[in-house]
Amino acid sequence: MSRNEWQEEVVTRLRGVKYPGFSRDIISFGLVQDMALEGTELKLKLKITTPDPAVPEKIGKEIRDAFKGYGPVKSVTIETEVAPPQATAATGAQGIEGVKKIVAVASGKGGVGKSTVAANLAVRLAQSGLKVGLCDCDLYGPSQALMLGCWEGVRVEEGTERLVPAECHGVKLMSMGMLLGDDSPAALRGPMVTRFTQQFLRQVAWGDLDVLVLDLPPGTGDIQLTIVQTVALDGALIVTTPQEVALVDARKAIAMFRKVNVRILGVVENMSYFIVPGTTQKHEIFGTGGGKKEAKRQEVPFLGEIPLDPEARECGDHGKPVVLERPNSVSGKVFSEFGNHLSKILFLSNSS
Ligand SMILES: Nc1ncnc2c1ncn2[C@@H]1O[C@H](COP(=O)(O)OP(=O)(O)OP(=O)(O)O)[C@@H](O)[C@H]1O
Ligand SMILES: [Mg+2]
């Protein structure tokens, strides 16, 4: 049997072995580093990043099962190298080929409007003629498929095994949640989430992009740190609402980005005020000036106040960001200006 023949058969069989807890196989996860057939003994080298001994054990058993009854392989010897995720992170965050600028939209607190800001920003930048990608990095509560009204399944590029983003409203969209298929994200544990996040961010076929917007999950924990240490960001946008409880968490987010030397592009205050329909009366429901004050205190730019606008919510729920669907609404106008402003910050200056 020629080297090509047996290798092909071995790879095909290994593609049937799933990484525990995932619907993807160990070949496309990049776990198999080397293989050799000595007589009827198949020698495999695997590299995993989790210290959990149950993972290689389970994978090993499944590999052996996959070769049961296959004549040319009578035994399988597996050598496993455990490289902790920190080792990967220590090599430093990297850019993504073909992508000019990468921006993360973050907050400490949940529900302040990151995904709404990210969706409107992406669509606005695309409207202005830029090539834009949007990556929903919220494994546990992905929103962008709903906000952009895009329910295409995940396609894998033949030959490269990379994931092909969907396209909607002129924006290329990829979501971590889409990839999990039927696997419950709740079943993922710490090291697996780290590994999954790193692999995911490296495996999307974005093509040429002017800007890639990352919609981060709320918080400043392991997932957020993994993201910012995997992808070299050009900057982070911090979304907050005006009240102290959100500002405290925004402060933590700023501290996290500073720790890993990511530039803070600025603070944007969402749900700043409400205009009573049919009037010009402004109601500052969550207080006033909190975002601006915090930006000043942190010595970062303040990028504006986005009103609380039922039209923004409705459009988001219907898969058409307000900046596209109702550009003349109160929030539509503000989002347009905000997108234009950010585009200038990204492309016209290197200083904040
Ligand atoms: N300016 C706004 N006016 C009206 N509704 C808004 C506005 N911003 C966000 N919303 C609504 O508030 C809800 C939460 O917003 P969104 O999902 O964008 O927050 P998030 O910070 O991404 O949340 P999570 O932390 O869960 O990811 C959504 O229903 C959204 O439509
Ligand atoms: Mg969100």
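Let's start with two helices that meet: helix 4, residues 114–127, and helix 13, residues 330–348, have axes that come within 9 Å and cross at roughly 70°. Please keep in mind that this is a predicted model. Why those two values? Two packed helices are described by the angle between their axes and the distance between the axes.

So what do we call an angle like this one? Angles of 65 to 115 degrees count as roughly perpendicular, and helix 4 and helix 13 are therefore roughly perpendicular to each other. As for handedness, helix 4 passes helix 13 in a right-handed crossing. If you want to find the contact on the screen, look for N120, L121, R124 and L125 on helix 4. On helix 13, the partners are F335, S336, G339, L342 and S343. The residues of this contact divide into 4 nonpolar, 4 polar and 1 charged.

While we're on helix 13, have a look at E337, which also sits there. Is E337 buried or exposed? The answer lies in between: E337 has 14 C-beta neighbours inside 10 Å, so it counts as partly exposed. From E337 to M147 there are 190 residues in sequence and 20 Å in space, C-alpha to C-alpha.

Now over to the sheet. Here 3 strands form an open sheet in the order 1-2-3, with mixed pairing. Its edges are strand 1 (32–38) and strand 3 (75–82), each of which pairs on one side only. From one strand to the next, the twist averages 15°.

Finally, strand 1 pairs with strand 2, residues 41–48, in the antiparallel sense over 6 bridges. To see this pair up close, find D34, which stands opposite K45 in strand 2.

Conventions: Residues numbered from 1 in each chain as written. Chains lettered and ligands numbered in written order. Predicted model: local features only at pLDDT ≥ 70, side-chain atom pairs only at ≥ 80, totals over all residues. Axes fitted to C-alpha atoms, helices over the stretch in contact; angles between N-to-C directions. Helix = DSSP H or I, 4+ residues; strand = E, 2+ residues; numbered from the N terminus. Parallel < 35°, antiparallel > 145°, perpendicular 65-115°, else oblique. Left-handed = near helix turned anticlockwise from the far one by under 90°. Contact = placed C-beta atoms within 7 Å. Nonpolar A, V, L, I, M, F, W, Y, C, P; charged D, E, K, R; others polar. Buried ≥ 20, exposed ≤ 12 C-beta atoms within 10 Å, placed from the backbone. Pairing = 2+ DSSP bridges.
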